[in-house]
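Thanks for sharing this one with me. Here are my notes, set out as numbered points so that you can follow them with the model open beside you.

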Amino acid sequence: MKKALSIAGFDPSGGAGIQADLKVFRHFGIYGLSVVAALTAQNTFGVSSVLPVDRRFVKKQLSVLLSDIRPDAVKIGMLLSIDNAASVAGIIKKHALGNIVLDPVFISSSGKRLAEKEMSKALITRIFPLCTVITPNIYEASVLAGMKIRDADDMQKAAIRLRDLGPENVIITGGHLEKAATDIFYNGKFHYLKGRKTPGEYHGTGCTFSSAIAALLASGSNALHAAEQAKKFMNKVFKHSIESSGTMRLLRI
Ligand code: PLP
């Protein structure tokens, strides 16, 4: 059975982070492994509090796990500390892991900071060169590329800048743009992943999309095919969300 590893944050609501990733891996028939890099206290109203996991313990979790089990893909989500980014990069290199998917996490939809201030620099220098795919939304892409993103043209420019920094494939998700929910996939050529905008706020969409890509890479898909299938999966799951008392809906996976 193919295996995928999520290195991400713990979300008690199960809508984002490790719990979401494990559900998605299972959906795609992939055995899920996980290493916790941060803890959060949150619900469907938003993130109340965050706590980093010490870098040495992140490293310990990874080295003990990887001395035994080798994942076929790795999804990296909320790392919170720059130290964690350095630890994760070091271990990925040491074990020569492949099929690395990075979902850069800086801030929650509710406005809570989920990464230290200099995280974008740490991701660019340490993690980007190892990545098969990165999946920033337009806000994350604008921080990483150092430019404003207002429309599809800006998304293309940002995708070129980001790919120049090392990842093999760049996907900028367009769900936060006003009209369409088209994502841009760039691997030296542009491809477009179409979606219909679904009204409402959904919790953990970035986590769900990126872990679907990791699962599909683990099962042997190439990056473009994985992205296309993951987008189809997202279009489907938006139709089956769970009502919540908070401001965000939970995706039913
Ligand atoms: N909590 C964790 C652990 C996350 O990884 C993320 C986003 O990646 C969030 C919360 C924020 O999710 P959202 O902005 O969809 O609420």
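1. Let me begin with a hairpin. Strands β2 and β3 form it, with two residues between them. Strand β2 covers residues 31–43, and its pairing with β3 is antiparallel over six bridges. If you want a place to start looking, take N43, which stands opposite G46 in β3. Please keep in mind throughout that this is a predicted model.

2. Where does this hairpin sit? Both strands belong to an open sheet of nine strands, in the order β3-β2-β1-β4-β5-β6-β7-β8-β9, with mixed pairing. The edge strands of this sheet are β3 (46–52) and β9 (190–193), each pairing on one side only.

3. Which strands give the sheet a parallel pair? One such pair is β6 (residues 133–134) with β7 (residues 169–172), joined by two bridges. Within this pair, V133 has N169 of β7 as its bridge partner.

4. On its way to the β9 edge the sheet passes through β8, and this part rewards a slow look. Strands β7 and β8 run antiparallel and are joined by three bridges, with I172 opposite I184 in β8. The pairing of β8 with β9 is also antiparallel, over four bridges, and here D183 stands opposite L193 in β9.

5. Strands β8 and β9 form a hairpin as well, with three residues between them. In its turn, G188 has a positive phi of about 105°.

6. How do the side chains of β8 point? In a regular strand, side chains alternate between the two faces of the sheet. Strand β8 (residues 183–186) has D183 and F185 pointing one way and I184 and Y186 the other way. All four of these residues are buried, so a reader checking D183 will find this acidic residue among the buried ones.7. There is a second sheet to look at. It is open, has three strands in the order β10-β12-β11, and its pairing is mixed. Strands β10 (202–203) and β11 (241–242) stand at the edges with a single partner strand each, so one side of each is left without a neighbour in the sheet. Strand β10 runs parallel to β12 (residues 249–251), and two bridges join them. One bridge to look up is that of Y202, whose partner in β12 is R249.

8. Turning to the helices, I would point you to A89 in α3 (residues 82–94). Is A89 buried or exposed? Its relative accessible area is 2%, and buried means under 20%, so A89 counts as buried. Leaving aside neighbours within four places in sequence, A89 is in contact with R126, I127 and L130. The C-alpha atoms of A89 and R126 are separated by 5.9 Å, although these residues are 37 apart along the chain.

9. Two residues in the loops on either side of α3 deserve a check of their backbone angles. L80 lies in the loop between β4 (73–76) and α3, and its phi is near 65°, a positive value in a residue other than glycine. A96 lies in the loop between α3 and β5 (100–102). The phi of A96 is also positive, at about 50°, although A96 is not a glycine.

10. What is the relative accessibility of L80? The value is 8%, and L80 counts as buried. A96, by contrast, is exposed, with a relative accessible area of 55%.

11. Now for the chain as a whole. There are eight helices and 12 strands. The radius of gyration is 16 Å, close to the 18 Å that the globule rule gives for 253 residues, so the chain is as compact as a globular protein of that length. Along its principal axes, the C-alpha trace spans about 45 × 45 × 40 Å.

12. How much of the chain is buried? Buried residues make up 54% of the 253 residues. As for the contacts, take those between residues at least 6 apart in sequence: 66% of them join residues at least 24 apart.

13. Last, the surface and the charges. The chain exposes about 11,700 Å², and carbon and sulfur atoms supply 52% of that area. The chain carries 33 positive and 20 negative charges, and the mean positions of these two groups are 3 Å apart.

Note on methods
Residues are numbered from 1 along each chain as its sequence is written. This is a predicted model: local features need pLDDT of at least 70, side-chain atom pairs count only at pLDDT 80 or more; totals for chains, interfaces and linings use all residues. Side-chain values use heavy atoms; hydrogens and water are left out. The radius of gyration is taken over C-alpha atoms; the globule rule is 2.2 Å times the number of residues to the power 0.38. Buried means under 20% relative accessible area, exposed over 50%, partly exposed in between (1.4 Å probe, protein chains only). Contact means heavy atoms within 4.5 Å. Accessible areas come from the Shrake-Rupley method with a 1.4 Å probe; for residues, only the protein chains shown count as cover. Lys and Arg count as positive and Asp and Glu as negative; His and the chain ends are not counted. The place of a charge is taken as NZ of Lys, CZ of Arg, CG of Asp or CD of Glu. Two strands pair if DSSP finds at least two bridges between them.
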